[in-house]
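Biologist: I'm new to this one. Could you pull it up and talk me through it?

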Amino acid sequence: MKFAVVLFALFAVALAAPATQNEAVVLKQTSDVGPENYSYSLETSNGIKADEAGELKNVGSENEGIAVRGSFSFVADDGQTYTVNYIADENGFQPQGAHLPVAPEA
């Protein structure tokens, strides 16, 4: 009896879920993962693109860490494509993009 109730509830939830007509499809996806580095790229049919590469730095030392460089872009509701290029390393996440505010120089 419990099984039937759970099955019915799942069926009801599935029917109630909104049907989306604009689901994105992955057009391109690559990845390469090694013991001390990696990279990936992704492109979807709705204009999303992303790529990233990371490398382990100072392997085996007290200062071991990962350094990452990448970018992503997307088409916003206003129809414009926004792109963010970034570095992430021992200095933190450092994004850059034409649409991002820039802190004044000290």
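Here are some questions and answers on this predicted model.

Biologist: What order do the elements of the protein chain run in, from the N terminus on?
Modeller: Let's start with what there is to place: the protein chain has 1 helix and 6 strands. Reading from the N terminus on, the order is α-β-β-β-β-β-β.

Biologist: How many residues lie between β5 and β6 in their hairpin?
Modeller: Strand β5 covers residues 81-89 and strand β6 covers residues 92-96; they run antiparallel, joined by 5 bridges. Within that pairing, isoleucine 87 stands opposite glutamine 94 in β6. The number of residues between the two strands of the hairpin is 2.

Biologist: Is isoleucine 48 buried, partly exposed or exposed?
Modeller: First, find it: isoleucine 48 sits in the loop between β2 (37-44) and β3 (49-57). Buried would need under 20% relative accessible area, and exposed would need over 50%. Isoleucine 48 has 35% relative accessibility, so it counts as partly exposed.

Biologist: Which residues make the nonpolar surface patch of about 230 Å²?
Modeller: You've met one of them already, the loop residue Ile48. A patch takes residues with over 30% relative accessible area, and Ile48 is at 35%. The patch is made by Ile48, Phe72 and Phe74.

Biologist: What share of the 106 residues in the protein chain is buried?
Modeller: Think of the outside too: the protein chain exposes about 8700 Å², with carbon and sulfur atoms supplying 57% of it. For a residue to count as buried, its relative accessible area has to be under 20%. Of the 106 residues, the buried share is 11%.

Methods: Residues numbered from 1 in each chain as written. Predicted model: local features only at pLDDT ≥ 70, side-chain atom pairs only at ≥ 80, totals over all residues. Heavy atoms only, no water. Patch = residues over 30% accessible without salt bridge, like charges linked within 9 Å, V, L, I, M, F, W, Y side chains within 5 Å. Areas by Shrake-Rupley, 256 points an atom, 1.4 Å probe, with all protein chains shown as cover. Salt bridge = Lys/Arg side-chain N within 4 Å of Asp/Glu carboxyl O. Helix = DSSP H or I, 4+ residues; strand = E, 2+ residues; numbered from the N terminus. Buried < 20%, exposed > 50% of the residue type's maximum accessible area, 1.4 Å probe, protein only. Pairing = 2+ DSSP bridges.
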